[in-house]
Amino acid sequence: MLDWLNQVDVTLFRAINIGLANPVTHFVMPIVTNDYVLRTCFAMAMVIVFWRGDARLKWSVLFAGLTLAASDQISSHLLKDMFERLRPCHTMVDINV
């Protein structure tokens, strides 16, 4: 089962990393996937919605923040240790980084 899952990971990773590679994605993806950019944009959007929104939107912002915090902690501290799988990009040598 794990061999099949590993093969799926490698096949999908190669299809995206090599098959879809072009100068635009090489420029855009490091910006889009940058953790600080994502956090800053999400925080700014939540502050604007909280500031300008009605009571229902404010509750939505609160629950979105709690959900984000809980899912981050569960995935990074519980699931990561439980599955112990390296990402394909950490085990492959002929890829675009």
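Helix H4, residues 55-83, gives the most to the lining of the second largest pocket. Its share is three residues. Keep in mind that this is a predicted model.

So much for the helix; now the pocket itself. How much space lies in the second largest pocket? About 310 Å³. Which residues line it? Start with Asp9. Then come Leu79, Lys80 and Phe83. Glu84, Arg85, Leu86, Arg87 and Pro88 complete the lining. Sort that lining by class, and you get five charged residues, four nonpolar ones and no polar ones.

Next, the helix pair. Helix H3 covers residues 35-52. The axes of H3 and H4 come within 8 Å. They cross at roughly 155°. Angles over 145 degrees count as roughly antiparallel, so H3 is roughly antiparallel to H4.

Who makes the contact? On the H3 side, look for Phe42, Met46, Val49 and Phe50. On the H4 side, find Leu57, Lys58, Val61 and Leu68. How do the residues of this contact divide by class? Seven are nonpolar, one is charged and none is polar.

Stay with H4 for the rings. The count of aromatic pairs comes to one. Trp59 and Phe63 form that pair. Their rings lie 5.9 Å apart, centre to centre. The angle between the planes is 25°. Planes under 30 degrees apart count as stacked, so this pair is stacked. Where do Trp59 and Phe63 lie? Both sit in helix H4, four residues apart. That spacing is about one turn of the helix.

How values were computed: Residues are numbered from 1 along each chain as its sequence is written. This is a predicted model: local features need pLDDT of at least 70, side-chain atom pairs count only at pLDDT 80 or more; totals for chains, interfaces and linings use all residues. Side-chain values use heavy atoms; hydrogens and water are left out. On a 1 Å grid over the protein atoms alone, a cavity is a set of points where a 1.4 Å probe fits but cannot get out, and a pocket is an open set with protein on both sides within 12 Å along at least five of seven lines; lining residues have an atom within 4 Å of a point. Grid points are joined across faces, edges and corners, and a volume is the space filled by probe spheres set on the points. Helices (H or I, at least four residues) and strands (E, at least two) are DSSP runs, numbered from the N terminus. Ala, Val, Leu, Ile, Met, Phe, Trp, Tyr, Cys and Pro count as nonpolar, Asp, Glu, Lys and Arg as charged, and the others, Gly among them, as polar. Axes are lines fitted to C-alpha atoms, for helices over the stretch in contact, and angles run from 0 to 180 degrees between N-to-C directions. Angles under 35 degrees count as roughly parallel, over 145 as roughly antiparallel, 65 to 115 as roughly perpendicular and the rest as oblique. Contact means heavy atoms within 4.5 Å. Rings of Phe, Tyr and Trp (its six-membered ring) pair if their centres lie within 6.5 Å; planes under 30 degrees apart count as stacked, over 60 as edge-to-face and the rest as tilted.
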